[in-house]
Amino acid sequence: MTDMALPSRDRARLRRMAASNAGLLVVLSLLVLMLLIGAVVSDRFRTFGNVANVFEQSTGLALVSLGQTLAVLTGGIDLAVGSLISLIICLTAGLLDGDGTYMIPVLAGMLALGAAIGLVNGLGVVYLRIHPLIVTLGMGAVLQGVTLLYALGPVGSVPDGFDALAYGTFGPLPAAAVVTVLLYVATALLLRSSRFGRYIYAVGDDGNAAKLIGLPRTQVILFVYAFSGFFAAVTAIYLVARFGSGQPYAGANYTLASITPVVVGGTMLSGGRGGVMGTLFGAYLVSLLNNLLNFLDVSTYVQLMFQGLIIILAVSLYVEKRKSIA
Amino acid sequence: MLSLTDISKTFPGVKALQGVSLDVQSGEIHALAGENGAGKSTLTRVIAGVHAPTEGTMSFAGQPVAWTSPRDATAAGIHVIYQEFNLFPHLSAAENIYIGHERRNALGFVDHRRTRRDAAEILKRLGVAIDPDALVNELSVADQQMVEIARALVHDVKLLILDEPTAVISGREVDLLFERLHALKRDGVAIVYISHRLEEIFAHCDRVSVLKDGRHVATRNVADIDRDTLVSLMVGRDMHELFPPRRPARAAAPVVLEAKGITVPGRVRGAGLDLRAGTITGLSGMVGSGRTELALAIFGVLPMGGGSVVVDGTSFTSMTPARAIALGIGLVTEDRKAQGLAMLLDVAANVTASTLDQVSRRGFLDRRRETAIAEAAIQSYRVACRGPSQPVALMSGGNQQKVVVARWARTSRRVLILDEPTRGVDVGAKMEIYRIMQTLADEGLAILMISSELPEIVGMSDRVVVMREGAISGVLERDEIDEAAIVTLATHRDAA
């Protein structure tokens, strides 16, 4: 129909590459924009120390959002992560109570507990056929209740040296943040190049078709919720290492917060499209924004409002894009 | 290869299959014929492990089997190409072809290069020019069908079931498909072929089994029967009894709705038609020809990219469903579950749903009045149900359809559009629906009936409008209407 310099096939491939990485491109440009704005408005912002600081502060958010991304890729969502983080923070601090003797079994037990609770969410989605929104919302309420039964206020403490999990460094870089990047890269590779990764996209793209042609839909759904629960537990252990003790509402904000980087990073809430690298940069973007707002003396309450607005904006942005492509 | 004994399948309110016994041998192409709603799709789904049979036994490759999920059937070597695609729109053609059978490297990771190369090879063997990197949602419907077919060729299949694979492809692609099917047959694959195109059955199939109303009517060697015998087995009665007697032609009935140059980007290109009072206009064309989209644009569901709708002299260049309803236009959609009915509500609520102002006083519903209206509708449309308070979910497809028509008949003063009004309903309900359409037309309503079933178009229409590739390819007046003329207009580029 049209005569263009490029053969249509190459053009199509280019367009497709741009489309499939649209989220990544958008979030990267926003990141750069934010850095520029920050550098202009504040001298202290553009120091290496501050950038490293933002990198470090993004870790908790990035960890929990990694699990959330997989749930969203299948067309689901995990709204239990906030309460799950609170529960595991309290249990870890309470069980250790300043004593490092049983540190390894306690941490292993906590990770297993996170994955097991996630698995229960998955079972609810698959076998009770309840929408993930409801299953995980309900599970979140249950977990928050359990947490409050266990501890109404600050509880326990971590042994000496435990804070190295949060504050350790590789040379000039915060170790936890570096490990988080490695986890993201590994997950991205598995999503792209393992059969199971492919099935996660397929289930999110058309779950019914996946079932009809004999893909392991059940296993995929069980896995992503267990994965999300596991990473909520990882997040909790990281946070308790930072805080030094348990707080029954310490994870409360992470439910909403974990979704922001996912949608900002271009993963569609309808499932089947997106990826974890966009989420990682989304987490950086959110942390950077909070950092910038701190420099501008904006209160954390207003920061929360910003987060809510960003989610709505990000989703509307991508919805618009989809219409114009279709 | 496959043997079914006394298979029955009951859904709430519907006996979809009753005592079907059937065997399919390796190295044969076995046609499955029957009208819409005869149970072909249900049978396919039982074989594929989607539905567990309510009664009966199944054996495959000599072993008794009872699938618990499609996964079991797939693992055993059964592959189904369903009528509605099971493709992943945001994966590439190559990824779709190899989904579940990924090409992997020595480390067990997906080998993207090999996937692409092997997919290109298969597509070439199929004789189609599809870019293996193209996302499936960018492909035409015909190309999507070819990707579905390619997917069936990449792994060891013992039984291949194809449900209407040629509904959206044509000419050369159909030939290439059958070339592959004959090759598979020579390799000993058992093939079940479902099609409404009888000529394909006679040209390519070895045996044909006929289903009717969920029962197995007969299995014959294709060589032993002729077309008329097959049709009478499928229909179970003479065609002429199905349709109400033709009415005398009305002289110059007034045009109540005129669509002019309607365009829906990518779907409909400048299509126009006019609807006359008391006249049934059939709208025919292949699946994907833009029939449904044209209707949806007239009713305001799809935005018009150009053109106008003229109703009683007033011209509208944009339409919304609310405006269409206010103008006295009704639309019975193709998919009554998705768009037409509140499945959990009862008959009464569904009948009065769009005319609530007639059954309410000061904002409160007058349930007694609603029941009275529903009872009248149940009588005049002969809806088989327990009463106005039965939830429609528990009724058969035919009776659900009557409820939808009853509702729209209450609001449609000028035009009623029916998209595939008899899809998935049994013969008895079909006749009822035809009678209702006839009655509504006699009362002066202009009816536009979209249908894929040619006998229905021919049997019911006073005029037939045929679409091809988004445009009107011809209009047949009463004396010119026959199946051959419609097929010519629907398929050939240079039709007279």
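In the predicted model, helix α4 of chain B runs over residues 112-125. The helix contains 14 residues, and the distance from its first C-alpha to its last is 20 Å, close to the 20 Å expected at 1.5 Å a residue. Four residues of α4(B) are buried, namely B:Thr115, B:Ala119, B:Ile122 and B:Leu123. These residues lie on the same side of α4(B), because the arc they cover around the axis is only 95°. An α-helix has 3.6 residues a turn, so residues three or four places apart point the same way. The buried residues of α4(B) pack against two other helices of chain B, α3 (93-97) and α5 (141-153). On the face turned away from this buried side, α4(B) carries the exposed residues B:Arg113, B:Glu121 and B:Lys124. B:Gly127 follows α4(B) and has a positive phi, near 75°.

Chain B as a whole has 18 helices and 22 strands. The chain is divided into domain 1, covering residues 2-237, and domain 2, covering residues 242-491. A distance of 32 Å separates the C-alpha centres of domain 1 and domain 2 of chain B. The radius of gyration of chain B is 24 Å, which agrees with the value near 23 Å for a compact globule of 496 residues. Taken along the principal axes, the C-alpha atoms of chain B fill a box of roughly 70 × 50 × 45 Å. Of the 496 residues in chain B, 46% are buried. When contacts in chain B between residues at least 6 apart in sequence are considered, 67% join residues at least 24 apart.

Two glycines of chain B were examined individually. B:Gly270 is part of strand β12, which spans residues 268-276 of chain B. This residue counts as partly exposed because 14 other C-beta atoms lie within 10 Å, whereas 20 or more would make a residue buried and 12 or fewer would make it exposed. With residues up to four places away in sequence left out, B:Gly270 touches B:Gly261, B:Thr263, B:Gly307 and B:Ala471. B:Gly270 is 24 residues from B:Leu294 in sequence, and the C-alpha to C-alpha distance of this pair is 9.7 Å.

B:Gly305 is placed in the loop between helix α10 (291-299) and strand β14 (306-311) of chain B. With 15 C-beta neighbours inside 10 Å, B:Gly305 counts as partly exposed. Its contacts, not counting residues up to four places away in sequence, are with B:Thr263, B:Val264 and B:Pro265. B:Thr263 is thus listed among the contacts of B:Gly305 and among those of B:Gly270. The C-alpha atom of B:Gly305 is separated by 40 Å from that of B:Glu121, a residue 184 positions apart from B:Gly305 along the chain. B:Glu121 is one of the exposed residues on α4(B).

Chain A has 15 helices and two strands. A compact globule of 326 residues would have a radius of gyration near 20 Å, and the 20 Å of chain A agrees with this. The C-alpha trace of chain A spans about 75 × 55 × 35 Å along its principal axes. Buried residues account for 48% of the 326 residues in chain A. Among contacts in chain A between residues at least 6 apart in sequence, those that join residues at least 24 apart make up 79%.

The strands β1 (169-170) and β2 (173-174) of chain A are connected by a loop that contains A:Pro172. A:Pro172 counts as exposed, because 8 C-beta neighbours lie inside 10 Å. A:Pro172 and A:Glu56 are 116 residues apart along the chain, and their C-alpha atoms are separated by 11 Å.

The contact between the two chains takes 21 residues from chain A and 22 residues from chain B. On the side of chain A that touches chain B, at least two residues are supplied by each of the helices α1 (8-20), α10 (195-205) and α11 (207-212). Helix α10(A) gives the most to this side, with five residues. By residue class, the side of chain A that touches chain B divides into eight nonpolar, four polar and nine charged residues.

Terms used
Residues are numbered from 1 along each chain as its sequence is written. Chains are lettered from A and ligands numbered from 1 in the order in which they are written. This is a predicted model: local features need pLDDT of at least 70, side-chain atom pairs count only at pLDDT 80 or more; totals for chains, interfaces and linings use all residues. The expected span of a helix is 1.5 Å times one less than its number of residues. The arc is that of the directions from the helix axis to the C-beta atoms. Two residues are in contact if their C-beta atoms, placed from the backbone, lie within 7 Å. Domain bounds come from an automatic or database domain assignment. Ala, Val, Leu, Ile, Met, Phe, Trp, Tyr, Cys and Pro count as nonpolar, Asp, Glu, Lys and Arg as charged, and the others, Gly among them, as polar. The radius of gyration is taken over C-alpha atoms; the globule rule is 2.2 Å times the number of residues to the power 0.38.
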